[in-house]
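Trainee: Could you take me through one part of this model closely? I would like to start with a helix pair and then move on to single residues.

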Amino acid sequence: MTHAFITVVIKVETGNVPAVDDWLDGFQGHLEAVKNADPSRLPLVWLRQTVHFMSMFTLPAEEGLAARLLIEANADGHPADVLADMVETMGGDHGPLAELVRRTGSWTSGPLLACMQQHCLEFKPLLTGAAGMMFTGTPGMTVRRITAEWSLSVTLRNLLERPDCPRGSALKMLRFARAQIFADVNWKWAFVCEPIPLLDDAKRSFSYSDLIPAAVRDLLWLPLGIALLLAAAWALGPPGWTWDLPILIKLLLALPAAVLIFMIELVFIGIVVLIGRKMLQRSEKNDVPIDREPDRAMVQEIMSRENQEGFVQNHLAAQSFVKKGWARKVALRLALWAIAELVRRRSQPGFLDRIGTIHFARWICLPGTDRLIFLSNFDGTWDSYLEDFIARLREGLTSIWSNTRDFPKTENLIEGGAADGARFKRWARRQQVPTRFWFCAYPHLTNSRIRINAAIRHGFASAADEIQAARWLSHFGYHAPEEVEKAELCPLVFGGLPAFRYSHCMLVSLRHHASARKWLDDLRPALSFGAHAQREPSAITIGFTSTGLRHLGLDDAALATFPTAFQDGMATPYRARLLGDRLPLDWLWGNQAPEVNVNAVMLIYASKAAELKLLINREKRRLQQFQQPAATDVPMRPLPLPDPLTKEVILREPFGFRDGISQPVMRGGPGWSKPGNELHVVEPGELVMGYRDNLGNLNPSPTSMGYDIGRNGTFLVIRQFEQDINAFNDAVSAIARTIDQRPEDARHPGFVDAGELEHWVASRMVGRWKDGSSLVRHPHPPARGKPRAPDNDYLFGREDPGGLRCPFGAHVRRANPRDSLQPGSAIELAISNRHRILRVGRRYRPKAGKNPGLLFMCINADIERQFEFLNQTWLLGRNFHGLEDEVDPILGYRGPDDSMTVPTASGPQRFAPLAQFVKVLGGGYFFMPGKRCIDVLAGR
């Protein structure tokens with residue numbers, strides 16, 4: 001289906017303009033009344049079924065040129081048919097359109113259709129006639145198709161949001177929608193694939209030589225024809241000449257003559273072009289920028305008709321006057337022709353260069369006048385529309401309007417001009433005329449939305465596999481697994497919320513699910529989601545144990561879809577054993593004792609201490625209101641203030657080492673593409689459920705009554721550690737003394753005093769220097785008072801295969817071996833990344849007389865594969881990396897004879913004795929739901 005560009009221009013006799021304007025204003029109001037009262041009445045039916053956009057307005061009289069009535073329509077079909085339908089549906093010779101034309105004074109008798117046909121401009125890309133340029137942003141799309149595909153997309157969206165729509169598989173969701181649509185005979189057309197030119201986004205190769213055939217077709221046919229005629233006349237000879245050669249030979253001899261004549265003509269044309277170019281350049285030098293503001297009253301009238309309620313589009317009508325001289329007229333027509341060809345050959349269908357907000361636009365050179373008319377139907381505001389042109393198409397605009405009066409100063413016809421944004425906007429307002437009547441068939445649809453609806457219809461009819469179905473589903477906001485739905489995720493997935501200095505952990509004991517659901521529903525608006533949560537003054541996140549989910553109403557069938565480790569809980573004897581927890585019954589919380597039964601955790605963050613206190617009190621009142629007691633509180637220590645120079649918050653764990661350096665970075669999350677992150681990027685499925693993991697697998701997700709409650713959720717592991725600083729420092733000092741008593745060749749060179757040696761010992765146990773710099777890249781301790789910046793982009797296996805710098809048994813090397821077990825292997829590095837966890841914990845305030853500690857918290861999508869594997873196989877693995885009966889020197893539970901082996905150039909050194917430095921006071925596994933799952937758990 002082609003689009004008809006109807007442009008009817010009728011002269012308005014002197015003094016008749018007010019009568020024409022009054023009729024147009026009245027007809028706009030009449031059409032609105034008909035639309036609101038009886039949409040089935042003509043001409044609204046015809047307009048809605050055939051016409052995309054239609055406008056009518058008067059061009060004011062200026063400089064001896066009479067006013068004009070301009071009737072513009074963009075419709076489906078052939079122009080002659082559209083014009084005939086327009087006249088018929090608007091009452092023929094006695095209808096409102098006839099009354100309008102009669103008021104111009106240019107039509108008094110005869111059929112109205114004949115008058116309209118007489119004044120309808122036919123565009124020709126030539127140097128004479130009604131030259132111009134036409135553009136459509138929805139090629140091949142009819143009004144009926146645009147509105148039908150919009151209705152289909154709305155219906156499909158409603159189907160996909162139904163509770164009985166299956167979740168977890170895009171293909172299943174598509175099949176569900178197809179089954180529902182197929183049951184209605186009125187939707188059969190949706191299963192047919194139709195060509196969609198506006199979705200052709202293939203990049204087009206272009207060479208300026210491609211313009212040669214078009215130039216011959218549109219511009220050079222006249223001199224070429226003249227050359228052929230003259231050559232033929234010469235060859236055949238005038239009457240009376242007698243040539244003995246056959247006529248075929250004569251015509252063959254005429255070909256070289258035609259080429260010669262054509263070349264002479266081209267030389268002549270070239271000389272004319274050079275002369276014209278010189279004239280234009282001389283004219284440009286004499287141009288003076290016009291800084292005159294547009295008429296205020298006219299701008300007010302124009303703006304009163306813009307941005308109408310219920311419309312996402314606007315209409316623009318402008319009248320400019322071409323500068324005097326033949327060179328300007330030729331340059332303007334050549335510019336219009338060249339832009340039309342370049343857009344057709346270079347731009348994606350529906351785009352004017354890179355601008356995709358225009359529905360229909362046209363430039364018109366009115367025959368017999370100096371008027372250049374520009375008409376456009378576009379999305380958004382007038383200002384944003386012009387900014388698009390200024391940023392993306394300023395050279396093209398300048399090549400056209402540099403030939404009109406008062407345009408901002410230009411150079412070489414295409415430079416300057418529209419690039420002078422402020423003057424260009426003032427000039428554009430001065431050219432505008434009010435659009436007194438304007439109709440749009442789909443006022444709620446932008447060009448972008450029309451493309452999306454077309455893609456939805458196409459995918460609905462054609463998608464055949466999971467990938468294609470996921471691409472189709474993404475048009476509804478259900479992103480493919482590779483695209484993270486950031487707004488649905490708990491903010492801890494993106495890090496430990498360092499923007500909030502103050503925080504508090506409130507452990508909750510939920511009761512019967514009716515009141516628990518009411519509590520969660522009341523809490524729901526206060527919960528935070530998405531990466532942007534850090535920009536708010538506070539944040540609240542929540543997680544539930546398996547018993548907590550049961551109290552919220554999940555039945556056994558739903559809980560059985562959760563991982564076994566989560567169902568068991570951290571304190572189950574066999575789970576405690578693999579985590580190295582010998583005495584979970586002595587825990588302060590999380591050990592399933594009735595008096596401290598914890599099945600939910602609420603983490604509260606605030607940027608100010610007073611704000612945190614208010615939030616804690618508010619949430620405790622909320623719990624009391626719904627009879628849900630707070631089991632215990634773990635108050636956190638405030639984060640340190642940012643460094644005055646680097647503006648960075650430097651975190652340290654109780655033993656004095658810089659913390660939070662080595663973390664996995666979720667692909668698609670904030671900052672994932674920053675340099676240095678390459679080693680640590682993991683797929684979203686490693687941290688969040690419902691997305692593909694590092695192996696490309698979409699792992700099973702918990703469900704309840706067919707609803708995917710796991711998507712965008714994650715698991716939070718919490719362990720409250722008490723750290724015995726004195727025991728750690730005593731052990732380090734004792735080990736340093738034994739090393740200091742060894743022969744000189746066994747000691748590390750360069751130590752100044754015992755404190756520096758103790759730093760060396762402690763760093764070998766942890767795996768980093770206290771300032772966070774790595775042992776791999778920095779084997780010697782930092783100079784006093786000159787800490788180094790932390791680094792994290794090293795590889796253990798490739799840079800320290802023997803463990804001479806960072807020992808195999810060091811805490812950091814155990815927690816993330818990288819390529820250590822198979823130096824330089826990308827596969828080994830990928831395996832290590834499969835077991836990463838995102839640490840989001842903080843130091844807490846200990847009770848009086850107790851050791852300080854860390855509330856360890858980590859995010860992972862698979863508790864067994866990530867947190868438990870890391871603890872059991874790496875941290876507590878007694879034969880990790882070929883070591884013999886050793887565990888992690890910081891966290892491991894040790895007997896009296898346990899030690900740590902540290903390789904050196906002079907042979908291994910044995911760090912002993914190693915005491916129990918860290919004690920577990922409580923812990924648990926918590927499910928942190930995505931935003932939509934909260935609605936389900938709250939009974940919505």
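Mentor: Take helix α18 (residues 513-523) and helix α23 (residues 609-625), which in this predicted model pack with their axes 9 Å apart at an angle of about 150°. An angle over 145 degrees counts as roughly antiparallel, so α18 and α23 are roughly antiparallel to each other. The crossing of α18 past α23 is right-handed. Three residues of α18 make the contact: Trp519, Asp522 and Leu523. From α23 come Glu619, Arg622 and Leu623. By class, the α18 contact with α23 has 3 nonpolar and 3 charged residues, and no polar ones.

Now look at Asn599. It sits in the loop between α22 (573-578) and β13 (600-606). Its relative accessible area is 0%. Buried means under 20%, so Asn599 is buried. The Asn599 side chain reaches the backbone nitrogen of Leu510 at 2.7 Å. Leaving aside residues up to four places away in sequence, Asn599 touches Val508, Ser509 and Leu510, along with Gly543, Phe544, Thr545, Thr547, Gly548 and His551. Leu510 therefore appears twice for Asn599: as the backbone partner of its side chain and in its list of contacts, where contact means heavy atoms within 4.5 Å.

Next, Leu497. Its place is in the loop between α17 (466-474) and β11 (502-508). Check the backbone here. Leu497 is not a glycine, yet its phi is positive, about 55°. Most residues other than glycine have a negative phi. Leu497 is also buried, at 0% relative accessibility.

Compare Asp885. Its phi is near 55°, again a positive value in a residue other than glycine. Asp885 lies in the loop between α29 (864-875) and β23 (900-902). Here the relative accessible area is 45%, and Asp885 is partly exposed. Partly exposed runs between the 20% and 50% limits, which is why a value of 45% puts Asp885 in that class.

Go back to helix pairs. Helix α13 (residues 382-392) packs with helix α15 (residues 421-431) at an angle of about 130°, and their axes are 11 Å apart. That angle makes α13 oblique to α15. α13 passes α15 in a right-handed crossing. On the α13 side, the residues that meet α15 are Trp382, Asp383, Leu386, Glu387 and Ile390. On the α15 side they are Gly421, Phe424, Lys425, Ala428 and Arg429. By class, this contact of α13 with α15 has 5 nonpolar, 1 polar and 4 charged residues. Gly counts as polar, so Gly421 of α15 accounts for the 1 polar residue.

Two helix residues remain. Ser832 lies in helix α28 (residues 826-833). It is buried, with a relative accessible area of 1%. Residues up to four places away in sequence aside, Ser832 touches Asn816, Pro817, Arg818 and Trp874.

Glu99 has its place in helix α4 (residues 96-103). It is partly exposed, with a relative accessible area of 29%. Glu99 and Val20 are 79 residues apart in sequence. In space, C-alpha to C-alpha, Glu99 and Val20 are 9.3 Å apart.

Notes. Residues are numbered from 1 along each chain as its sequence is written. This is a predicted model: local features need pLDDT of at least 70, side-chain atom pairs count only at pLDDT 80 or more; totals for chains, interfaces and linings use all residues. Side-chain values use heavy atoms; hydrogens and water are left out. Helices (H or I, at least four residues) and strands (E, at least two) are DSSP runs, numbered from the N terminus. Buried means under 20% relative accessible area, exposed over 50%, partly exposed in between (1.4 Å probe, protein chains only). A polar contact is a pair of N or O atoms within 3.5 Å; within protein, one must be able to donate a hydrogen and the other to accept it, and residues adjacent in sequence count only if both atoms are side-chain atoms. Axes are lines fitted to C-alpha atoms, for helices over the stretch in contact, and angles run from 0 to 180 degrees between N-to-C directions. Angles under 35 degrees count as roughly parallel, over 145 as roughly antiparallel, 65 to 115 as roughly perpendicular and the rest as oblique. A crossing is left-handed if the near helix is turned anticlockwise from the far one by less than a right angle, and right-handed if clockwise.
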